[in-house]
Amino acid sequence: MKNTETAMTFDDFDLDDVLLSAINKLNYHKPTPVQMEAIPAMLERHDVLAGAATGTGKTAAFVLPMLQFLLDEPRYPNLPRVMILAPTRELAFQIHKVIHELGEFCDFKSVIITGGFDQTKQIRHLEQPFDILVGTPGRLTHLMAEGELDLNDIEMVIIDEADRMLDMGQGTDVHGLLDAIPTEFQAALFSATLSGSGVQRFAETICDEPVIVQIEAANEKSKQIQQVVYLADDKAHKQALLENLLKDATCESAIVFCNKKTRAIEVNEWLQSKNISSQVLHGDFIQAIRLEKMKKFKNNQIKVLVATDVAARGLDLLNVTHVINYDIPFRGDIYIHRIGRTGRAQQVGLAINLVERHDLVNLERIEYHLGHKLPQAKIEGMEPSYKVKDAKRVKKKNAKKSKIAQKKKAKVKTKKK
Ligand code: AMP
């Protein structure tokens, strides 16, 4: 992947003012990686094959150049000029919503056609002039078979979540729809992953020499982040380690993750009692307060953000030197998502895990997900009193004991009978 993660803004694309106003209104400050790569390629009218999952900003990555195309080559529509296909009705509605948001200051009409809704009404919509068709392959195929859908004027086709579409067996319907387009069209295919041979083959039948946009897989990226484990005996030990790490000169800004809101509040209060500049961010705050807190954090007015996973969802575009898991997450994908907040733009990021004995199960699960063990570190004078090996031995012993106890119980029960 090209290193485009510079100080690029939306103004750098050749987008019309009506689109820039909508972008502004949505508070998108800078393009996400998939937008940086896909928007210029689509604007140059190349076919595009993009590997980008939900949450990467992929919808705007195709909606913006699609709207710009309609602005650049205006034509009073009778029949739709753009067709966007999605595997599910929910996704189709989501895309439709983004078209409305980003197209707020344009004058284009879009129609959504999915299963689960009154077909007669949909036919009436199709009879009116409109520009953009968003739909699921099944219902569109059905309407086309009934002679109610005319794709004669389609100039651009966007296929979202192609991998899921193939999993759901919609490939034949998609091909049937594309075969009904009589002239050449620009194609853009988005998929969470490009690695499966199914998607590659599917793309080959649709795209013509596409520009490939592969947003670094999260798991791959995690290799660039220095990760480390500090074993802690108990809460007091964990707090002392946290204080020490945050007061280290290399720590400029940190997100401290907790699994629960109550713990995040507690950790934040404790940090403040130690004169560490911190704020808590959890799911209960209204959007305006969340934005205010994030702004302060971005502007370095506060050094530490203590966050839960829910609250951290909108923090994708931040740049922090340290991510500290005060609580180890329960799943590997959550772990990767958390640590991805650091190490952006080729900087070295540090992800630190504070692990008590009872967290070892979660640590093992995460290491399994990563495919490698995480190194351990110690701070002089703050060494743990246990080793992972010993803790595992004790766990095995306890498991054996409880098995024997269970067997004894079962024996007593059968005797009683
Ligand atoms: P998507 O991957 O399309 O589902 O988008 C995920 C979320 O990112 C949505 O809530 C979008 O509104 C948001 N989003 C898309 N582009 C940007 C951007 N450039 N800056 C900030 N948020 C964005």
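Reader: What makes up the shell around the ligand, by class of residue?

Author: In this predicted model, the shell around the ligand holds four nonpolar, seven polar and two charged residues. Glycine is counted among the polar residues in this scheme, and Gly55 and Gly57 are among the residues that come nearest to the ligand, together with Tyr28, Gln35 and Thr59.

Reader: Why is the pair formed by Gln35 and the ligand called a polar contact?

Author: A polar contact is a pair of N or O atoms within 3.5 Å. A polar side-chain atom of Gln35 lies 2.8 Å from a nitrogen atom of the ligand, and therefore this pair meets the cut-off. A polar backbone atom of Lys30 is 2.9 Å from a nitrogen atom of the ligand, while a polar backbone atom of Lys58 is 3.3 Å from an oxygen atom of the ligand, so these pairs count as polar contacts too.

Reader: How much of the ligand does the protein bury?

Author: The ligand taken alone exposes 490 Å², and the protein buries 69% of that.

Reader: What makes S10 and strand S11 a pair?

Author: Two strands pair if at least two bridges are found between them. Four bridges join S10 to strand S11, residues 304–307, and the two run parallel, so the condition is met. Within this pairing, Gln279 stands opposite Leu305 in S11.

Reader: Why are S8 and S10 called edge strands?

Author: Strand S8 (226–231) and strand S10 (278–281) each pair on one side only, and they stand at the two ends of the order S8-S13-S12-S9-S11-S10 in an open sheet of six strands with parallel pairing. The twist in this sheet averages 20° from one strand to the next.

Reader: Which strands does helix H12 touch where it packs on this sheet?

Author: Helix H12, residues 261–273, touches strand S9 (254–257), S10 and S11, and its direction makes about 170° with that of S10. Helix H14, residues 332–339, also packs on the sheet, where it touches S8, S9, strand S12 (322–325) and strand S13 (350–355).

Reader: How do you know that strand S1 pairs with S7 in the sheet of seven strands?

Author: The test asks for at least two bridges, and four bridges join strand S1 (residues 48–51) to S7, so the two strands pair. Gly51 stands opposite Gln214 in S7. This open sheet has the order S3-S4-S2-S5-S6-S1-S7, with parallel pairing, and its edge strands are strand S3 (110–113) and strand S7 (211–214).

Key. Residues numbered from 1 in each chain as written. Predicted model: local features only at pLDDT ≥ 70, side-chain atom pairs only at ≥ 80, totals over all residues. Heavy atoms only, no water. Near = heavy atom within 4 Å. Polar contact = N/O pair within 3.5 Å; in protein donor to acceptor, adjacent residues only side chain to side chain. Areas by Shrake-Rupley, 256 points an atom, 1.4 Å probe, with all protein chains shown as cover. Axes fitted to C-alpha atoms, helices over the stretch in contact; angles between N-to-C directions. Contact = heavy atoms within 4.5 Å.
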